[in-house]
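Subject: A structure for you to look at

Hi there,

Here is the structure I promised to pass on to you. Please open it and turn it around a little before you read my notes.

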Amino acid sequence: MDAAQQEATARARELQRNWYGEPLGALFRKLIEDLGLNQARLAAVLGLSAPMLSQLMSGQRAKIGNPAVVQRVQLLQDLAAQVADGSVSAAEATERMEEIKKSQGGSVLSNTTQTTSGSGAPTVKRVVREIQSLLRSVAAAGDIIDAADSLAPTHPELAEFLRVYGAGRTSDAVAHYQSHQN
């Protein structure tokens with residue numbers, strides 16, 4: 001790989017970090033490991049071609065163009081967390097992946113059974129991801145930070161919200177939310 005290709009890949013990964021909280025290669029590898037998948041199966045569940053998944057993972061492409069695919073990624077992340085905490089069995093996870101595969105997407109704010117806690121309420125992490133997805137669907141992280149800087153003198157709370165939820169990492173936004181609940 002020449003220097004120009006390396007620079008383009010680094011830029012794509014940085015854009016992915018801004019849009020999705022981490023490079024897609026790392027995110028997809030976690031899903032593969034946590035859900036016991038291979039790349040071909042992950043691509044099928046997401047509704048991507050195997051070459052497109054590979055390009056996203058390697059940084060040859062920066063953005064997932066289809067909002068339904070982004071929503072499926074979020075649903076798989078939630079499912080992986082449920083498998084990890086033992087609230088969903090491997091067999092149930094397989095069934096849910098089939099449901100996710102068939103899902104058509106829809107609004108980034110839609111509420112499905114995979115996005116809720118045991119009480120039926122959306123999880124904090126899921127709500128944070130939906131807010132991030134919504135904000136990032138209309139602007140890049142850098143633009144959100146610029147907007148926050150412009151708003152800071154007159155609307156500091158809104159500026160903080162944009163920085164944390166629009167341009168920050170999911171884990172930081174969840175921690176921010178939880179710290180403000182006490």
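Below is what I found in it, starting with the whole chain and ending with one helix and its neighbours.

Please keep in mind as you read that this is a predicted model. The protein has 10 helices and 0 strands, so every element you meet from the N terminus on is an α, as in α-α-α-α-α-α-α-α-α-α. Of the 182 residues, 40% are buried. If you take the contacts between residues at least 6 apart in sequence, 60% of them join residues at least 24 apart.

Now for helix H10, which spans residues 170-179. Which of its residues are buried? They are Thr170, Ala173, Val174 and His176. These four cover an arc of only 160 degrees around the axis, which puts them on the same side of H10. It helps to remember that an α-helix has 3.6 residues a turn, so residues three or four places apart point the same way.

What covers the buried residues of H10? The cover includes helix H7 (124-138) and helix H9 (156-166). In general, two packed helices are described by the angle between their axes and the distance between the axes, and I use both below.

Let's take H9 to begin with. The axes of H9 and H10 come within 8 Å and cross at roughly 135 degrees. That angle makes H9 oblique to H10. On the H9 side, the contact is made by Glu160, Val164 and Tyr165, and on the H10 side by Asp172, Ala173, His176 and Tyr177. Sorted by class, this contact of H9 with H10 has 4 nonpolar, 1 polar and 2 charged residues.

Next comes H7. Its axis and that of H10 are 9 Å apart, and the two helices pack at an angle of about 120 degrees. H7 and H10 are therefore also oblique to each other, and their crossing is right-handed. Here Val124, Lys125, Val128, Arg129 and Gln132 of H7 meet Thr170, Ala173, Val174 and Tyr177 of H10. The residues in this contact of H7 with H10 divide into 5 nonpolar, 2 polar and 2 charged.

One thing to look for on your screen is Ala173, a buried residue of H10. Ala173 takes part in the contact with H9 and also in the contact with H7. Tyr177 is likewise listed in the contact with H9 and in the one with H7.

Enjoy exploring it, and write back with any questions!

Best wishes

Key. Residues are numbered from 1 along each chain as its sequence is written. This is a predicted model: local features need pLDDT of at least 70, side-chain atom pairs count only at pLDDT 80 or more; totals for chains, interfaces and linings use all residues. Side-chain values use heavy atoms; hydrogens and water are left out. Buried means under 20% relative accessible area, exposed over 50%, partly exposed in between (1.4 Å probe, protein chains only). The arc is that of the directions from the helix axis to the C-beta atoms. Contact means heavy atoms within 4.5 Å. Axes are lines fitted to C-alpha atoms, for helices over the stretch in contact, and angles run from 0 to 180 degrees between N-to-C directions. Angles under 35 degrees count as roughly parallel, over 145 as roughly antiparallel, 65 to 115 as roughly perpendicular and the rest as oblique. Ala, Val, Leu, Ile, Met, Phe, Trp, Tyr, Cys and Pro count as nonpolar, Asp, Glu, Lys and Arg as charged, and the others, Gly among them, as polar. A crossing is left-handed if the near helix is turned anticlockwise from the far one by less than a right angle, and right-handed if clockwise.
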